[in-house]
Amino acid sequence: MAPVTIKDVKKRYASVEVIHGVSFDIADGEFVILVGPSGCGKSTLLRMIAGLEEISSGTVAIGGKVVNDKPPKERDIAMVFQNYALYPHMNVADNMSFSLRLKGTPKPEIEAKVKRAASILALDKLLDRYPRQLSGGQRQRVAMGRAIVRDPQVFLFDEPLSNLDAKLRVQMRVEIKELHQRLKTTTIYVTHDQIEAMTMADKIVVMHDGIVEQIGAPLDLYDQPANLFVAGFIGSPAMNFIDGRLSLEGGAHFVTEDGLRLPLAGAPAEARDGQAVVYGIRPEHLALDPDGIGATVSVLEPTGSETQVFMKLGQTDIVGVFRERIAVPPGSTLGIRPDPATTHLFDKASGRRL
């Protein structure tokens, strides 16, 4: 196990800079997830940590030692890829032990490490099978076992669940988290799925266009997003955004561009009357209220435990998530009430949360 320090790391391809001075620290034994949309630079950053991409400037340190000029095999890391990368002509045991055999590790030690990893991952009865005889989840566990036997300082995961179906992704999320809790190895995990990030991480690094937008614990990002991008990216369904202005007359409230008044718990200290702002409210923080603000129903999506309702509030499309079972035709009006304590205000010009 080891801490990892990323300091002012940049990546350029010819004259095009794609990573713009990223810096953050990962504590020893911490599970950190790099999350963001496709093209944000998260996989490129992970590959620079692994030594698979050259660092244009800045430093990466593992265990207190700068590793910029060290090849991947000397960084004491183990990487699990999206496509598993198993050798089809080798059985499970040989796939897991291959890197140890290359290093000339004694056979008894190899057998002990493979047996331990197989036990951790419930692969004991599959050691003689070949990859073609395994399910997607079993193949992913073999890839994880190959990383475990190396006993690295740092685990790197590059979107390892993308090729699995929805049910198996949930199962593997739990297995990877349990694995981390058992081994307590420093882990850096890349995904574009914010649900994976929220459910698995000790700390999330939100990236966008080659920069870090915000770093924090999952619930901190959910409750206190730094800007419009983080607010819209973290949470599913995404936060509702409504354009308008702040009014301080007769108590703080928000006025939409259609003239609707929406409640606020209070005005931010730095806000000013008439300021152009964006009002944010998460779908799950809307409640049904016959005396509330009227919204026109567009589509209902019942999921069993809850109902997602796509609506128009004035001219703005919004989504509500309700525990109640709702059966109304499109075009109907629902009374809704935002919870003032859970609303957010963002400066419209900068996108920063007020």
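How many nonpolar, polar and charged residues does the lining of the second largest pocket have? The legends below take up this question together with other close-up views of the model, which is a predicted one.

**View 1. The second largest pocket and the classes of its lining residues.** By class, 7 residues of this lining are nonpolar, 3 are polar and 1 is charged. The volume of the second largest pocket comes to about 160 Å³. Among the residues that line the second largest pocket are L264, A265, G266 and P268, and further along the chain P340, A341, T343, H344 and L345, together with R353 and L354.

**View 2. The largest pocket and the residues around its centre.** This pocket has a volume of about 480 Å³. Its lining is made up of 18 residues, and of these I77, M79, F81, S99 and R150 are the closest to the centre of the pocket. Three elements each give two or more residues to the lining, namely β6 (77-80), α2 (92-102) and α4 (136-148). The largest share, 4 residues, comes from α2. When the lining of the largest pocket is divided by class, 12 residues are nonpolar, 2 are polar and 4 are charged.

**View 3. The two domains of the chain and the contact between them.** The domain assignment divides the chain into domain 1, covering residues 4-232, and domain 2, covering residues 237-347. The C-alpha centres of domain 1 and domain 2 are 38 Å apart, and the contact between the domains takes 8 residues from domain 1 and 9 residues from domain 2. The size of an interface is often given as the accessible area lost when the parts come together. For domain 1 and domain 2 the area buried between them is about 690 Å², with 62% of it on carbon and sulfur atoms. On the domain 1 side, Y222, L228 and A231 lose the most area to domain 2, and together these residues account for 70% of what that side buries. Across this interface, 0 salt bridges are found by the rule.

**View 4. A salt bridge between E109 and K113 in helix α3.** E109 forms a salt bridge with K113, and the closest N and O atoms of the pair lie 3.3 Å apart. Both residues belong to helix α3 (residues 107-120), and because E109 and K113 are 4 residues apart in this helix, they are separated by about one helical turn. The count of salt bridges by the rule used here comes to 13.

Conventions:
Residues numbered from 1 in each chain as written. Predicted model: local features only at pLDDT ≥ 70, side-chain atom pairs only at ≥ 80, totals over all residues. Heavy atoms only, no water. 1 Å grid on protein atoms, 1.4 Å probe; cavity = no way out; pocket = protein on both sides within 12 Å on 5 of 7 lines; lining within 4 Å. Points joined across faces, edges and corners; volume = space filled by probe spheres on them. Nonpolar A, V, L, I, M, F, W, Y, C, P; charged D, E, K, R; others polar. Domains from an automatic or database assignment. Contact = heavy atoms within 4.5 Å. Buried area = accessible area lost by both parts, 1.4 Å probe. Salt bridge = Lys/Arg side-chain N within 4 Å of Asp/Glu carboxyl O.
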